[in-house]
Amino acid sequence: MRDEHDCDVLVVGAGPTGLCAALVLAQHGVRVRVVDREAGPVEQARAAIVHARTLEHFDRLGVGAAAVARGLPITDVALHEGRRHIGAMPLAGAGVANRTRFPYALALEQFETERLLVEALAEHEVAVEWNETVTDLVDGGSGVRVELGSGVITARWVVGADGASSTVRRLLGQEFAGRTYEQAGLLADVTLDVELGVRGMRLTLTRGGFVGILPLASGRCRLFGVVPPSLHRAPEQRGGPSHESYAPLDPADLQRWFDEYFSVDAQVREVVWASMFRFHSRLASRFRVGRVFLAGDAAHIHNPAGGQGLNLGVGDAVNLAWKLAQVVNGEAPERLLETYESERRPIAETVLKRTDFGFKLETTANPVAVWMRANVGGRLIGLASRLAVVRRLFFHAFSQLWISYADGRGGGLRPGDRAPYAPITPTADDARSVLDLTHGPGYHLLAFNVSDVEDIAARLAGRYSAGVTTHLIPAGEQAAYRAYQVDGPRLVLVRPDGHIAAIAASVDPLVGHLDGVLTRSRVEA
């Protein structure tokens, strides 16, 4: 029974991943608690860029508008070689506005991201319990006993979202296989005495790789990039590599790095936060052990190229939490939870491979590669940035709109794909896209070219413990019909996370699918 435990789900870690998981659970009425070993929320910007797919997740959680209001939309990346402008890449552009409500990347400091999620949790009477260190956990088969510094919590399920040096992962005995690179990187939030514009990120190709400047909504700038060996000590001098990223940096070293590598005539006026970090590429051996799950940096870490880390963790949280909520609430069989790792692990592996490849290409000491970077790299990048296909791929790759759980077979729209955004005529409740219609609890059925939609809705109503809401898409919504590749009667079933569950021309195959993933309503049965 639910009351045998102190909570249904204990989330360990109050970063963006843990807070998002807790918010999804709380919105589904799950008894959730959140603990964190730190004394309070982070005060540094840390992860400072939120991509389009994550903003879509935030929108489903009801915090998308607040995030945009607190952040700064970034629409392009200006490319430089030294002081010479060589090209630009779009984080928005022609056609993008028809693919997402958020056709940009958002510069948003991590403390602001966490603040808005904490505020949303407070509306559900959930508060983070700070200064709580997990010392042991025991999976008893029907629940987990978690020992903390202040006592014991029993939970039906545990989500370990406690970062790269995860205590939960260690207590589970899970390996964190991979590598730590010799190169070091730097993050700094500063005030510069120069105006660089407020809608674009600046990347500069240097002899050691890329360095960059990201404007923030506060008027400050985020500096980031690879640093030369002269600015950091060897790993053995620092006690060996740590899975945690951040270590303090002297402001004088920061100014020297900026002067030598950024090719910008400016003085660093204020250093709000500056940190050295190590580049890692690691993956936990399993994302689930019994009744305990790993998510975010606890499950995978990679170098920060493209700002994928926070966004990947939020994707983990959303994928896991709606499934946990349905299982806890008796709306779905427990086997649904097996799909968390089978869906999210390949995504993590893909991101690790892509960021590893890019990082090695950027920083390799191979003489041929060094010569290419120094002599033709800038010209090649400049030429590539002018090609329409490259520009489209750039936005696609960084936005995380590419993420799909489809099995890879066949073309066209498939189960597992993200449900297309598809703008529509605004509805009475201000839905402005097909994707907007799928907000709200439970599954959503999109009906195209279907005459018996009322009969379909009646057949599904009350059949399952979880809701299934049916939406008829009018034939006049041509953009939606094109996006959903309609060439006859088409029913598209959308999951609570905005991914497609099933596609069919009639309702019977969808009922068969739902019978396998949802429990039948007692009233209907």
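This passage describes a four-stranded sheet, the helix that lies across it and the second largest pocket in a predicted model.

The sheet is open, and its four strands follow the order β22-β21-β23-β24, with mixed pairing. The edge positions are taken by β22 (468-473) and β24 (500-504); each has a single partner strand, so one side of each is left without a neighbour in the sheet. From one strand to the next, the twist averages 20°. Strands of a sheet pair through backbone hydrogen bonds, and the pairing is either parallel or antiparallel. Strand β21 (residues 443-448) and strand β23 (residues 490-494) run antiparallel and are joined by five bridges. Within β23, L493 is the residue that stands opposite L445.

Helix α14, which comprises residues 507-517, lies across the strands β21, β22, β23 and β24. Relative to β24, helix α14 runs at about 150°.

The second largest pocket has a volume of about 440 Å³. Its lining consists of 20 residues, of which R99, R418, P420, Y421 and A483 are the closest to the pocket centre. By element, the most is given to this lining by helix α13 (residues 478-483), which supplies three residues. In terms of residue class, the lining of the second largest pocket is made up of ten nonpolar, five polar and five charged residues.

Conventions
Residues are numbered from 1 along each chain as its sequence is written. This is a predicted model: local features need pLDDT of at least 70, side-chain atom pairs count only at pLDDT 80 or more; totals for chains, interfaces and linings use all residues. Side-chain values use heavy atoms; hydrogens and water are left out. Two strands pair if DSSP finds at least two bridges between them. Helices (H or I, at least four residues) and strands (E, at least two) are DSSP runs, numbered from the N terminus. Axes are lines fitted to C-alpha atoms, for helices over the stretch in contact, and angles run from 0 to 180 degrees between N-to-C directions. Contact means heavy atoms within 4.5 Å. On a 1 Å grid over the protein atoms alone, a cavity is a set of points where a 1.4 Å probe fits but cannot get out, and a pocket is an open set with protein on both sides within 12 Å along at least five of seven lines; lining residues have an atom within 4 Å of a point. Grid points are joined across faces, edges and corners, and a volume is the space filled by probe spheres set on the points. Ala, Val, Leu, Ile, Met, Phe, Trp, Tyr, Cys and Pro count as nonpolar, Asp, Glu, Lys and Arg as charged, and the others, Gly among them, as polar.
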